[in-house]
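The following exercises concern a single protein chain and its ligand. Please study the sequence and the structure, attempt each task, and then read the solution.

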Amino acid sequence: MNLQVRKAIKSDKQAISDVVIAAFGEVEGQEIADLVTDLLADPSAQPVLSLVMTADDSVIGHILFTNVQIKHSQRIISASILAPLAVQPEYQNQGIGGRLVREGLKQLKTAGVELVFVLGHPGYYPKHGFSPAGIKKFEAPYPISPENSDAWMVQELQPGVIGHVCGQVICADELNDQKYWRE
Ligand SMILES: CC(C)(COP(=O)(O)OP(=O)(O)OC[C@H]1O[C@@H](n2cnc3c(N)ncnc32)[C@H](O)[C@@H]1OP(=O)(O)O)[C@@H](O)C(=O)NCCC(=O)NCCS
């Protein structure tokens, strides 16, 4: 099997939706597949980084990073948020999600992105360098309940940002809906 990570192209749209629906299930998956489509067309999400993992040219995984801003930050910061990440169920637990995360972070770092946020499972993302963001004084766009505060995470891709910058994260318009912020 020939596994490759590459930037998503327009003609991947249906294959990405299929992977997202398979990974998240029919009901939630359709909503998240629509979110991916909407974010890719959302000017406030730019720049985006949309990567697919292919196995013998079929899309089996997808990751999306979209631009965020930090309200009232001490200086202009280049920052992104990871959402969503999906791997076709029969390919899960084989390191594919991890490869997509690592490749995405590498490309963002090269592009000069300083901070990356994620709202996700606190058992998964710390393996890829994320740690709780609230304690570092980064507020999510909507309040995260105290019992789930560890799910709101950040990592810096350039040294010396965390500790010198803080504030509320403002995400792209299409992601700025409370329904996406219940963890
Ligand atoms: C979460 C997901 C992207 C991980 O991708 P993957 O290719 O299966 O993950 P990897 O093989 O890189 O990593 C596997 C590890 O992640 C853990 N893991 C998988 N899904 C997890 C989840 N939802 N929550 C916490 N940990 C999870 C596995 O237990 C395994 O742990 P181990 O390394 O200690 O054995 C994939 O399972 C998926 O698409 N799930 C459904 C959609 C989803 O929940 N997306 C994430 C929210 S945006």
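**Exercise 1. Overall form**

Task: Determine how the radius of gyration of the chain compares with that of a compact globule.

Solution. The chain has 183 residues, for which a compact globule would have a radius of gyration near 16 Å; the chain has 16 Å, which agrees. Here the radius is taken over C-alpha atoms, and the globule rule is 2.2 Å times the number of residues to the power 0.38. This is a predicted model, in which local features need pLDDT of at least 70 and side-chain atom pairs count only at pLDDT 80 or more, while totals for chains, interfaces and linings use all residues. Residues are numbered from 1 along each chain as its sequence is written.

The next step is the box filled by the C-alpha atoms, which is roughly 45 × 35 × 30 Å along the principal axes. Of the 183 residues, 37% count as buried (20 or more other C-beta atoms within 10 Å of a residue's own; exposed means 12 or fewer, partly exposed in between, with C-beta atoms placed from the backbone).

**Exercise 2. Order of the elements**

Task: State how many helices and strands the chain has, and give their order.

Solution. There are three helices and nine strands. Helices (H or I, at least four residues) and strands (E, at least two) are DSSP runs, numbered from the N terminus. Read from the N terminus on, the order is β-α-α-β-β-β-α-β-β-β-β-β.

**Exercise 3. Strand pairing**

Task: Trace the pairings that involve β2, β3 and β9.

Solution. Two strands pair if DSSP finds at least two bridges between them.

1. Strand β1 (residues 3–7) runs antiparallel to β2 (residues 49–55), with five bridges between them. Within this pair, R6 has V52 as its bridge partner.
2. Strand β2 is also joined to β3 (residues 58–70), antiparallel, by seven bridges. Here V52 stands opposite H62.
3. Strands β2 and β3 form a hairpin with two residues between them, and D56 in the turn has a positive phi of about 50°.
4. Strand β3 is joined to β9 (residues 167–170) by two bridges, again antiparallel, and I70 faces V169 there.
5. Strand β7 (residues 138–139) runs parallel to β9, with two bridges; F138 stands opposite G167.

**Exercise 4. The nonpolar core**

Task: Identify which residues have the most contacts inside the largest nonpolar core, and which element gives the most to this core.

Solution. A nonpolar core is a set of buried Ala, Val, Leu, Ile, Met, Phe, Trp, Tyr and Cys residues joined through C-beta atoms within 7 Å. The largest such core has 54 residues, and V116, F117 and V118 have the most contacts inside it. The elements that give two or more residues to this core are α1, α2 (26–40), β2, β3, β4, α3, β5 and β8 (152–156). Strand β4 gives the most, with seven residues.

To look at one member, set aside the neighbours of V118 within four places in sequence: V118 is then in contact with I81, L82, A83, Y125, F130 and M153 (contact means C-beta atoms, placed from the backbone, within 7 Å).

**Exercise 5. The shell around the ligand**

Task: Describe the residues that surround the ligand.

Solution. The shell has 18 residues, the closest being A23, Q92, G97, G98 and H121; a residue is counted if its C-beta atom, placed from the backbone, lies within 6 Å of the molecule. Elements that give two or more residues are α1 (13–24), β4 (79–87) and α3 (96–110). The largest share, five residues, comes from β4.

**Exercise 6. Backbone exceptions**

Task: Find where the cis peptide bonds from Q46 to P47 and from A83 to P84 lie, and decide whether D57 and K137 are buried or exposed.

Solution. Most residues other than glycine have a negative phi, and most peptide bonds are trans.

- The bond from Q46 to P47 is cis, with omega near 0°, and P47 is in the loop between α2 and β2.
- The bond joining A83 and P84 is cis, with omega about -10°, and P84 lies in β4.
- D57 has a positive phi of about 75° and is in the loop between β2 and β3. D57 counts as exposed because it has 7 C-beta neighbours inside 10 Å.
- K137 has a positive phi near 70° and is in the loop between β6 and β7. With 12 other C-beta atoms within 10 Å, K137 is exposed.

Methods: Contact = placed C-beta atoms within 7 Å.
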